[in-house]
Amino acid sequence: MSDSEAGDTANGERAAVESVVDGPLGVITLTQARRRNPLSSAVMREISAALTGFDDDPAVRVVIIRALGPAFSAGHDLTELVDRTLDDEKAVFDTCVEMMRTVHRIRQPVIAEVAGMAFAAGCQLVATCDLAIAGRSARFSTPGVRIGLFCSTPMVALTRAIGRKRAMHMLLTGDPIDAETAADWGLIGSVVDDDELESTVRELATRIASSSASTVSIGKQAFYRQIELDEDAAYDLMSDTMATNAVTCDAQEGIGAFLAKREPVWLDR
């Protein structure tokens, strides 16, 4: 069975979002392949719940978000945005914002494994993830302007990932960019052949998972605290962060192991 076929059962009973723990990895899979994995309110709440569940599981050290079929995600489920009240519309986008915030809030690095199209809120999710690797056939777009709904929430993550002029080009034209361009612009970290995507992401995730979970968590949270500060404030904050990190059990273990030329034994604290 192909990925596109695997995403939906004949009776439609398969969950739209599946999450599993695979060793040190938490894997979230969007399965509505035939619908191009729309980010409905229900789906976004399920993704947030899965992320929070992994955050609470000490066995999970890295999270992967992936999808079945020809699209990572085509964006919001537009059927939710027709003939609704302002409060209804706001609820949809608040749910989206909460999902994006949860990606950054949890202690584990989150990797986007991008196959196929990542459009609108799907592109936003890629830009929000801590790391992203795409297959060579992947495409990225913020096409809302073409249907009268400017991609304003995707703009937040997109601008921070690729800068003002490139983000405005994508937002104002709605034109898709290919994976090589996305990597050049900083939207994703790297591009691999489509048939190597899953194994490449798993290798990266496993490599990150081999480090101290507490140290990785300190680093992830520190990154987002300092990124929007001016240089002086960032240095002041990160000097305190490094000092606090240095007295942790795992930092002392890692430094001692390096000096003794042995492998560290992490306590994750």
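**Exercise 1. Find the residue in β3 that stands opposite isoleucine 28, then describe how β2 and β3 are joined.**

*Solution.* Isoleucine 28 faces isoleucine 65, a residue of β3. Keep in mind as you look that this model is predicted. Next, step back to the strands: β3 covers residues 62-67, and six bridges connect β2 with β3. Finally, check the direction: the two strands run parallel.

**Exercise 2. Work out how β1 and β2 pair, and what lies between them.**

*Solution.* Begin with β1, residues 17-22: this strand pairs with β2 in the antiparallel sense, over six bridges. For one concrete pair, take valine 17, whose bridge partner in β2 is leucine 30. Now look at the connection: β1 and β2 make a hairpin, with two residues between them. In the turn you will find glycine 23, with a positive phi of about 65°. A helpful background point is that strands of a sheet pair through backbone hydrogen bonds, either parallel or antiparallel.

**Exercise 3. Decide whether β2 is largely enclosed by the rest of the structure, and check each face.**

*Solution.* A residue counts as buried when its relative accessible area is under 20%. In β2 (residues 25-30), six of the six residues are buried, so the strand is largely enclosed by the rest of the structure. To sort residues by face, recall that side chains in a regular strand alternate between the two faces of the sheet. On one side sit Leu25, Val27 and Thr29, and on the other Gly26, Ile28 and Leu30. These residues are all buried, and both faces are covered.

**Exercise 4. Name the edge strands of the open sheet that contains β8, and find the partner of arginine 139.**

*Solution.* Write down the order: the four strands run β4-β6-β8-β9, with mixed pairing. The edges are β4 (71-73) and β9 (177-178), each pairing on one side only. Then zoom in on β8 (residues 139-141), which runs antiparallel to β9 and is joined to β9 by two bridges. Here arginine 139 stands opposite aspartate 178 of β9.

**Exercise 5. Compare the accessibility classes of arginine 136 and aspartate 232.**

*Solution.* Place each residue: arginine 136 is in the loop between β7 (131-135) and β8, while aspartate 232 belongs to helix α10 (residues 231-246). Exposed means over 50%. Aspartate 232 has 57% relative accessibility and therefore counts as exposed. Arginine 136, at 38%, counts as partly exposed. As a last step, look around aspartate 232: together with Asp230, Glu231, Asp236 and Asp240, Asp232 forms a negative surface patch.

Definitions and conventions
Residues numbered from 1 in each chain as written. Predicted model: local features only at pLDDT ≥ 70, side-chain atom pairs only at ≥ 80, totals over all residues. Heavy atoms only, no water. Patch = residues over 30% accessible without salt bridge, like charges linked within 9 Å, V, L, I, M, F, W, Y side chains within 5 Å. Areas by Shrake-Rupley, 256 points an atom, 1.4 Å probe, with all protein chains shown as cover. Salt bridge = Lys/Arg side-chain N within 4 Å of Asp/Glu carboxyl O. Lys, Arg positive; Asp, Glu negative; His and termini not counted. Charge placed at Lys NZ, Arg CZ, Asp CG, Glu CD. Buried < 20%, exposed > 50% of the residue type's maximum accessible area, 1.4 Å probe, protein only. Pairing = 2+ DSSP bridges.
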